[in-house]
Amino acid sequence: MINRRYFLQGTSVLMAHASFSRVVATFLASRTAVAASSRAPVFLSAAELGRVAVLVDMILPETDSPAATAAGTHDFVDMALSACASPKQQATFRSGLTALAVDGFDSMSAQDRLVWLQRRAASDVVLSYDESFFKILKDYTLTGYFHSEIGATRALAYERVPGGFQGDIPLAADQKAWVI
Amino acid sequence: MPKANTFDAIVVGSGMSGGWAAKELTERGLETLVLERGRNLRHVVDYQTALQDPWQLPHHNRPTQQDRAAQPIQSTLYLYDQSTKHHFVNDLEHPYRQAQPFNWFRGNHVGGRSLMWARHVFRYSDLDFEANLREGTGIDWPIRYADLAPWYEHVERFIGASGENAGLAQLPDQVLQPPFEMNAFEKHIRSRFAARFTDRKLICSATAVLSREHNGRGPCQGRNQCARGCPFSAYFSSNGVTLPAAAATGRLTLQPDSIVHSLIYDDSKGRAVGVRVLDAATKRTTEYFARVIFLCASTLGSTAILLNSRSSRFPNGLGNDSGVLGHYLMDHHNGGGAVGSYSRLADRYYRGRRSTSMYIPRFRNVAHREKNFVRGYGYEVYTSRQNWTRGLETAGFGAAFKNEITRPGKWQVYMEGYGETLPYEDNRVWLDPDRPDPWGMPTLVVSMTYRDNERRMSEQMMADAVEMLEAADVEEVSGFNRATIPGSVIHEMGTARMGRDPKTSVLNGHNQVHAVPNVFVTDGSCMVSSPTQNPSLTYMALTARASAYAVERLGKGEL
């Protein structure tokens, strides 16, 4: 994995300084891995989660990097709606999903879904965040994806421990943007 | 007097100033007790989030509604997220009252805010130390640059700082490691400034971040996650630098979870003999005794302790014969600035996350007063190429959208001024005994507002920022001038000011309480004015200087 490799590169710079390498090595060994797990939705219904899965892949489809759902982004949207969103934002999102169902989104063709989302994006983008289904959806989709391991390491460039700073280097033709 | 509770020196607080008092006092031979009101937080091993990837942090690093409910003030800080929230207090458990809106950002743990600070370290100059006297504002500083210069150097050599000397009288040169490299856009701005202005320059900030190995620490690994705690010890914190030095002497006793209630004043001796301490968990009171006491509990923390130390000799707080204790609270203001973008230099990039900023030293009111306000400001300047977050505000989505936002975008620049605030008597704090905190201690009430001088300065901060970015051919330049809530810059200063006259000040030129000379107060509460530059380096230098003075006087039997 690219992040792991970069991390080890950074660590090798560190290990050159023997005076504190031991304490850091101990520290690293004590870290506990957080395992990703799939689970039942907490805020959305199963049907709503299915619609969100379609939407996040429309926003971030598979390109030269995997699609949003491959990174579990739909699960993140569900979890973030439950834990991070305010009651007002939750209500906005819920009514957006209701409107989508009323419009018959589930039985639409891919082309009709595209038109539906384009129309929704155009009307929502001028609204405040709290009032905008599309902005909330996009915020959680982009955050969930680009802060996932797949998004950070395959759609973007990520170095956990860069090992230093180079201020002014040529941009390589295939260079992805750094994770924040 | 129980021997077990007796030390040569007691230091209240383990942050920026307390760590320095601990180091200097122990290295000069004193058995020293350091009392910290918060929990222990061990260097490296307790930095639980330091090396976690975004996907390993709860909610991919987004704060939850629950977090915001427990930390309604702390969670508004730019540093606050899942990786840092445990370094900030629970606001519900640590109440204070805002007579005027005031953001009090803090962390109660060993190391205090030295763990999360923004690490800029600049010296003050005589332009700053002489300003009050020159203008007849407030009172005169009892010291000048020459008094502090050797102590600035002493501190800089130990903490290790990188950056660039500007060669300006108003921003004295420092002992610095080589700066981190500028990016292509910054180099461009710098060269445009050089062509356009004689009085303004862009430099790499003096920052307590190591660009080179220093005493077995660092160098910086380019993570820019300092506020999580640095496992590489690459920035200065008490936890990683001064407290270990103090511990190495064998004369340090560090005691967390110890809330200082008040100083114990002995009428017959005419001095403070110790401190009353509440155990944070059991709330039981214990008394500790020492020949000399250093208050380093933060600006508002130290003043609250002094105000709460009442006796028949000092009915209004220890050392408060003048009545100025609690008054003349200051913070910087940073509401004026500008943003812009730059579409050229698209073939240049950078690698790593630099944890420093660029800086434009003060250029207003330097040689003479030239504007409708007094004092001045410097700018912090941040640049980068746009990342995926530029996709948040648009209606775009889909494959082309994804390909676009995963590539480096245009260069962008954000600059904000940091302006001096004048000392006003009615910007102040006091105690409210009718609203005790969970430990039965009176809560602090804060009342502070910015005035006309700060507002006029802020307008000029915006105008100058716009002018400079336009001079550098920056595109889409947009100025801003927004109100700053006092406290938000986290540079609280004053409320126990130094001075030459005991009738108008709490401390003398060595940070001693005028009327109780074995009590020293060396944190931001001692400040007499609030110069443009970030204050922490000055607290460290004042603390080291006062510590050396205290030990010298003790040795001569004069304290």
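This passage describes the nonpolar cores, the contact between two chains and one enclosed strand in a predicted model.

The largest nonpolar core holds 138 residues. Within this core, B:Ile10, B:Val11, B:Val12, B:Ile293 and B:Leu295 touch the most other members. Helix H11 of chain B, residues 536-555, gives the most to the core. Its contribution is 9 residues. Two domains of chain B take part. Domain 1 spans 3-120 + 227-327 + 427-447 + 490-555, and domain 2 spans 168-205 + 333-419 + 450-481. Both give residues to this core, so the core lies between them.

B:Ile10 illustrates the packing around one of these members. Leaving aside residues up to four places away in sequence, B:Ile10 touches B:Leu33, B:Leu35, B:Val275, B:Tyr288, B:Ala290 and B:Ile293. Another core lies apart from the largest one. This other core has 41 residues, including A:Leu60, A:Ala71, A:Leu81 and A:Tyr145.

The two chains also meet. In this contact, 51 residues of chain B face 57 residues of chain A. On the side of chain B that touches chain A, three elements each supply at least two residues. They are helix H6 (184-196), strand S10 (348-351) and helix H9 (399-405). The largest share, 4 residues, comes from S10(B). By residue class, this side of chain B divides into 20 nonpolar, 18 polar and 13 charged residues.

Strand S10(B) also pairs across the chains. Its partner is strand S1 of chain A, residues 166-170. The two strands run antiparallel and are joined by 3 bridges. Within this pairing, A:Gln166 stands opposite B:Arg351.

A further strand of chain B, S18, covers residues 516-521. Of its 6 residues, 5 are buried, so S18(B) is largely enclosed by the rest of the structure. Strand S8 of chain B, residues 285-295, pairs with S18(B) in the parallel sense. This pairing has 3 bridges. Here B:Phe294 stands opposite B:Phe520 of S18(B).

Strand S17 of chain B, residues 512-513, runs antiparallel to S18(B). These strands are joined by 2 bridges. B:Gln512 has B:Phe520 as its bridge partner in S18(B). B:Phe520 thus has a partner in each pairing, standing opposite B:Phe294 and bridging to B:Gln512. The connection from S17(B) to S18(B) is a hairpin of 2 residues.

How values were computed: Residues numbered from 1 in each chain as written. Chains lettered and ligands numbered in written order. Predicted model: local features only at pLDDT ≥ 70, side-chain atom pairs only at ≥ 80, totals over all residues. Core = buried A, V, L, I, M, F, W, Y, C linked by C-beta atoms within 7 Å. Buried ≥ 20, exposed ≤ 12 C-beta atoms within 10 Å, placed from the backbone. Domains from an automatic or database assignment. Contact = placed C-beta atoms within 7 Å. Nonpolar A, V, L, I, M, F, W, Y, C, P; charged D, E, K, R; others polar. Pairing = 2+ DSSP bridges.
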